[in-house]
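Hello,

Below is the structure I said I would hand over, followed by what was found in it. Please keep it open while you read.

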Amino acid sequence: MEHIGIAVHDLQEASIIYEKLFGEPAYKQEEVVSEGVTVAFFGNGQNKIELLQATNPESPIAKFIAQNGEGIHHIAFEVEDIAIEITRLQKEGFIVLNEAPKKGADNKLVAFLHPNSTNGVLIELCQEIR
């Protein structure tokens with residue numbers, strides 16, 4: 001597992017909670033313009049939490065929060081070759097939301113699997129940009 005993404009209304013308020021929880025501040029904060037979000041990453045051993053705040057009302061995170069409220073948005077898994085994994089998973093019957101990987105946060109290429117094909121969980125595939 002690469003990280004768990006959590007949708008939040010207010011990144012600064014949520015960051016205070018996670019700083020207290022982990023005993024240290026986020027190691028990175030950045031805006032992903034293409035996704036309409038600002039994110040903050042927290043580390044805990046080998047695990048990571050990504051907080052996501054919408055930067056516009058049309059972003060996927062804004063729509064998620066409007067429908068579901070704050071909470072777990074996705075689970076991300078690291079892969080060696082995202083293009084190969086997208087092809088493999090499509091052949092296995094998964095619904096891939098973006099067939100071509102796109103640039104995501106934290107120096108990653110990303111692709112998402114639709115929750116209808118993963119028992120209701122949005123899955124993100126991540127590959128380190130080399």
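**Helices, sheet and two buried side chains**

Helix 3, made of residues 82-91, lies across strand 7 (108-113) and strand 8 (123-128), and its direction is at about 150 degrees to that of strand 8. Please bear in mind that this is a predicted model.

The sheet

Strand 7 and strand 8 belong to an open sheet of eight strands, ordered 2-3-4-1-5-8-7-6, with mixed pairing. Its edges are strand 2 (28-32) and strand 6 (102-103), each of which pairs on one side only.

Starting from the strand 2 edge, the neighbour is strand 3 (residues 37-44), which runs antiparallel to strand 2 and is joined to it by five bridges. Within this pair, glutamine 29 stands opposite alanine 40, and valine 32 stands opposite valine 37. The two strands form a hairpin with four residues between them. Glycine 36 is in that turn and has a positive phi of about 65 degrees.

Strand 3 is also joined to strand 4, here by eight bridges, and again the two run antiparallel. Opposite threonine 38 stands glutamine 53 of strand 4, and opposite phenylalanine 42 stands isoleucine 49 of strand 4. This pair is a hairpin too, with two residues between the strands. The turn holds glycine 45, whose phi is positive at about 65 degrees. Strand 3 is mostly covered, with six of its eight residues buried.

Next in the order comes strand 1, which pairs with strand 4 in the parallel sense over four bridges. Here isoleucine 6 stands opposite leucine 51 of strand 4. One general point may help when you look along any of these strands: in a regular strand the side chains alternate between the two faces of the sheet.

Helix 1

Helix 1 (residues 11-22) lies across strand 1 (3-7), strand 2, strand 3 and strand 4 (47-54), and runs at about 5 degrees to strand 3. The helix has 12 residues and spans 16 Å from its first C-alpha to its last, close to the 16 Å expected at 1.5 Å a residue.

Which residues of helix 1 are buried? They are Leu11, Ala14, Ser15 and Tyr18. These four sit on the same side of helix 1, because they cover an arc of only 105 degrees around the axis. Strand 1, strand 2, strand 3 and strand 4 are among what covers them. On the face turned away from this buried side, helix 1 carries the exposed residues Glu13, Ile17 and Lys20.

Both ends of the helix have something to look at. At its start, a side-chain oxygen of aspartate 10 comes within 2.9 Å of the backbone nitrogen of glutamine 12. After the helix comes glycine 23, with a positive phi near 75 degrees.

Two buried residues in loops

Aspartate 106 is in the loop between strand 6 and strand 7. Is aspartate 106 buried or exposed? Its relative accessible area is 9%, so aspartate 106 counts as buried, the cut-off being under 20%. The side chain of aspartate 106 makes a polar contact with the side chain of lysine 28, at 2.9 Å. Apart from residues up to four places away in sequence, aspartate 106 touches Tyr27, Lys28, Glu30, Phe41 and Lys48.

Asparagine 98 is in the loop between helix 3 and strand 6. With a relative accessibility of 11%, asparagine 98 is likewise classed as buried. What does its side chain reach? A polar atom of the asparagine 98 side chain lies 3.1 Å from the backbone oxygen of alanine 100. A polar atom of that side chain also lies 3.0 Å from the backbone nitrogen of phenylalanine 112. Leaving aside neighbours within four places in sequence, asparagine 98 is in contact with Ile86, Val110, Ala111 and Phe112.

Regards

Note on methods
Residues numbered from 1 in each chain as written. Predicted model: local features only at pLDDT ≥ 70, side-chain atom pairs only at ≥ 80, totals over all residues. Heavy atoms only, no water. Pairing = 2+ DSSP bridges. Contact = heavy atoms within 4.5 Å. Axes fitted to C-alpha atoms, helices over the stretch in contact; angles between N-to-C directions. Expected span 1.5 Å × (residues − 1). Buried < 20%, exposed > 50% of the residue type's maximum accessible area, 1.4 Å probe, protein only. Arc of directions from axis to C-beta. Polar contact = N/O pair within 3.5 Å; in protein donor to acceptor, adjacent residues only side chain to side chain.
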